[in-house]
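Could you walk me through this model in the viewer, one selection at a time? I would like to know what to pick next and what I will find there.

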Amino acid sequence: MRWSKTFIPTLKEDPADAEVVSHKLLVRAGFIRQLSRGIYDYLPLSLKVIRKIEAIVREEMDRAGAQELLLPIACPAELWQESGRWLVYGKELIRFKDRHERDFCLGPTHEEVITDLVRRIVRSYRELPLNLYQIQTKFRDEVRPRFGLMRGREFIMKDAYSFHVDVEDCRREYENMFQTYKRIFSRCGLQFRAVEADTGAIGGSRSHEFQVLAESGEDAIVSCNKCEYAANVQKAEIKARRPAGRDLNENSPKREKVSTPGKKSVAEVAEYLKLPAEKFIKTLVYRTDKNELVAALVRGDHEINEVKLQAALGCGEVALAGEAEVEAATQVSPGFLGPIGLTLRTVADLSIQGMRGAVAGANEPNAHYIEVDQERDFTPGAFADLRLAVAGDSCPRCDEGFLESYRGIEVGQVFYLGKKYSEPLGATYLDTEGRERPIEMGCYGIGISRLVAAAIEQNNDSNGIIWPFSIAPFHVLLLPINYRDQALQEAADRIYQQLQKRGVEVLLDDRDERPGVKFKDADLIGIPLRLTVGVKGLEKERVELRWRRDGKTDEIPLGDAAQTIHSIITQSLQA
C-alpha cells in the first residue's frame, strides 16, 4: 500500500477525552474515531489488526476441533425469559420492540440463541460433542463506557459454546479451550496470565480469565510466587488461619468505651487513637436482593469482596446501604457502628475470628470500644472468607508461597456452564439406553477489539505504538527521505515491488512531507520495521533498517534489502 492512497488520519495531539495510552494512540495514529460514547469507527489500519487477530483465532479454534457459524444479533425475548435472564441481566441489555410489538434484545452474548439452535437439532448422544463458535459484533449498554476499545458499548467478540453428554467430556473440552487460548494469546505476542475468576452474569461453576499484564489494567490479579496459582482478586481465596490458642485462665483486658468526637472512618479513628488499622473491626451494612439488611465485618486494613459476600449470604446481589437507611435500622450513624449488641444478621470475615485488643464502633455517637475480644464480646452468625486478597497473603494452594499483585486487562474467559442453560431451555439428548438427559455445556469468549487495545497497553513508548509482528497492520514501512527525488523514488519503488513479490506486507510512505514528519508518524503507527532510503545511503548502495521495538539500526545492501526483510519477517512470525 502507498501511504498517499491510504486513509491514515494521524493527529499531533492526544484527544481530550482519552484517559489510557491505547485510547490516545489509537486516535492519534489514525486507527479509530468515536461515533458515539463507547461506539467507534474502525479505520483501515485498525481493521487490518483486527483481521489478523481473527485469523489467529480461527486457525487455533479450527485446529482445536471447533466449527464456525454466525448467529443473529437480534434475539427474541422469549429465549431470555426461558433462561431467566431477561429481567436479571440489567440495563446493559438493549431491549426493543419490532413493528409487531414483539420484544427483542441486541445480543450481548449468545448462550440462549445457541442453546435454542442445538435443542432444535440434536437428538442423540451420537451427535455430541459439538463446539460451535462465531466472531460477531456485540452490544452492551455499559453504564460507564471508557478507555476507548477497552470498555466500549459495541465491540467485536469471539464466542464459542460446547455441548457434551457428561461432565467428564465437558471438562475435557474446557481444558482443550484453555490450552487453545494460551496458544492464541502467545501467537498475538502478548504477556498474559490465566487466572481463576468469578462466573459473573454468564454463570456456571468454573471459570478462568486470561489477563494481559499491564499497569493500566482495570482488573487486579494475584498469583503465587512459588506455584501456578493465580486468580482475579474477586475470586482469590484466602487461606484460613486458625486463631492463636489461648489459655483458659487468660483474661483479656476489660473492654473500654472511649470518646472519638467526629471521627468516623478507620483512618480517622486510627490516627486519633494512635493504633494501627489492622486492630480495627470495620462494620459495613449491605442490602441484599432479598431486601434484607446484613452487617459484614472485616478487619480495618482489609476490603470486602462483594462477590464472596454474596456467596456467603446465599443471595444474587448486594449493595452497600445508604447512611439514612443504616440509621433508620440501627439508630446509629455508620461511622460509629459496631458488632457488639447489633441486632442485624451479621457475617464476619475469617480474620475477625479470635481477635483480641480490637477497636470497634460503640453503637452510639462519637464513641468506640477498645480492647474488644471477639470470643468474649460478640458472636457473628457465621464466619466466612469475605475479603479481597492482597499482596503478601499466604497462597491458598501451597504451604510456602505468598501472593504477588498485578494489574491486568481481561481479553478472554472460559466457563464451565454445566446445565445452567440446557435445563431451563430444554436442550436434551437421548443416551445409549434411550433416556432423555440434559446437555452439559461450556462457553468460551475472546474480546477481539479489546485485544487491539490490550496489545497497545503492553507495547508502546513515548513515541507511539510498538506492534508485535503477528498482528501489525504492516510488517515494514518503506520510507524514502524525499519521494520527489527521482533516484530515491526509483530505488524505493524497486524495493517496494520486490517486497510485494515476496508477499511482504509493506507500506510505502510516498507523501510529500518533511522527513521529520514521516519519522514521527512512522513511530506513532508502530510498524515493526522501517526501511529508510536516503541520499547518502543510496550513494553507497545501502539503506537503513530500523527496529521499532528497540530502535536498533543496521545498514544493509540495497540489492539485498527485500530478501533480508523477508527473512527477518519469516523468522519473527515463526518464533
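Here is a tour in three stops: a sheet, some salt bridges and a buried strand. Keep in mind throughout that this is a predicted model.

**Stop one: an open sheet and its helix**

Start by selecting the five strands of an open sheet, which follow the order β16-β14-β15-β17-β20 with mixed pairing. Now colour residues 318-320 (β16) and 382-384 (β20): these two strands stand at the edges with a single partner strand each, so one side of each has no neighbour in the sheet. If you turn the view to look across the strands, the twist from one strand to the next averages 35°.

Next, zoom in on β15 (residues 293-299) and β17 (residues 345-349), a parallel pair with four bridges. To find a point of register, label Val-294 and look across to Arg-345 in β17, which stands opposite. Then add helix α8, residues 306-313, which packs on the sheet and touches β14 (281-288), β15, β16, β17 and β20. The direction of α8 makes about 125° with that of β16.

**Stop two: salt bridges**

Side chains of opposite charge can pair when their charged atoms come close. Across the whole structure, a search finds 51 salt bridges; here are some to select.

- Show Arg-153 and Asp-141, whose side chains meet with 3.1 Å from N to O. Both residues lie in the loop between β7 (130-139) and β8 (154-164), so the pair ties together parts that are 12 residues apart in sequence. Arg-153 counts as buried at 16% relative accessibility, while Asp-141 counts as partly exposed at 24%.
- Move on to Lys-257 and Glu-364, where the closest N and O atoms are 2.7 Å apart. Lys-257 belongs to strand β13 (residues 256-259) and Glu-364 to the loop between β18 (358-361) and β19 (367-372), so this salt bridge ties together parts 107 residues apart in sequence. Lys-257 is partly exposed at 43% relative accessibility, and Glu-364 is partly exposed at 31%.
- Then pick Arg-511 and Asp-521, with their closest N and O atoms 2.9 Å apart. Arg-511 sits in the loop between β28 (506-508) and α14 (515-525), and Asp-521 in helix α14, 10 residues apart. Arg-511 counts as buried at 15% relative accessibility, and Asp-521 is buried with a relative accessible area of 9%.

Before leaving this stop, select Glu-59, Glu-60, Arg-63, Arg-183 and Arg-187 together, since they are linked in a network of salt bridges.

**Stop three: a buried strand**

How many of the eight residues of strand β24 (residues 440-447) are buried? Eight of the eight are, so β24 is largely enclosed by the rest of the structure. In a regular strand the side chains alternate between the two faces of the sheet. In β24, Glu-440, Gly-442, Tyr-444 and Ile-446 point one way and Met-441, Cys-443, Gly-445 and Gly-447 the other way, and all are buried.

Now bring in the partners of β24. Strand β8 runs antiparallel to β24 and is joined to it by eight bridges; label Tyr-161 to see it opposite Cys-443 in β24. Strand β21 (residues 403-418) also runs antiparallel to β24, with six bridges between them. For a last selection, pick Gln-413, whose bridge partner in β24 is Gly-445.

Key:
Residues are numbered from 1 along each chain as its sequence is written. This is a predicted model: local features need pLDDT of at least 70, side-chain atom pairs count only at pLDDT 80 or more; totals for chains, interfaces and linings use all residues. Side-chain values use heavy atoms; hydrogens and water are left out. Two strands pair if DSSP finds at least two bridges between them. Axes are lines fitted to C-alpha atoms, for helices over the stretch in contact, and angles run from 0 to 180 degrees between N-to-C directions. Contact means heavy atoms within 4.5 Å. A salt bridge is a side-chain nitrogen of Lys or Arg within 4 Å of a carboxyl oxygen of Asp or Glu. Buried means under 20% relative accessible area, exposed over 50%, partly exposed in between (1.4 Å probe, protein chains only).
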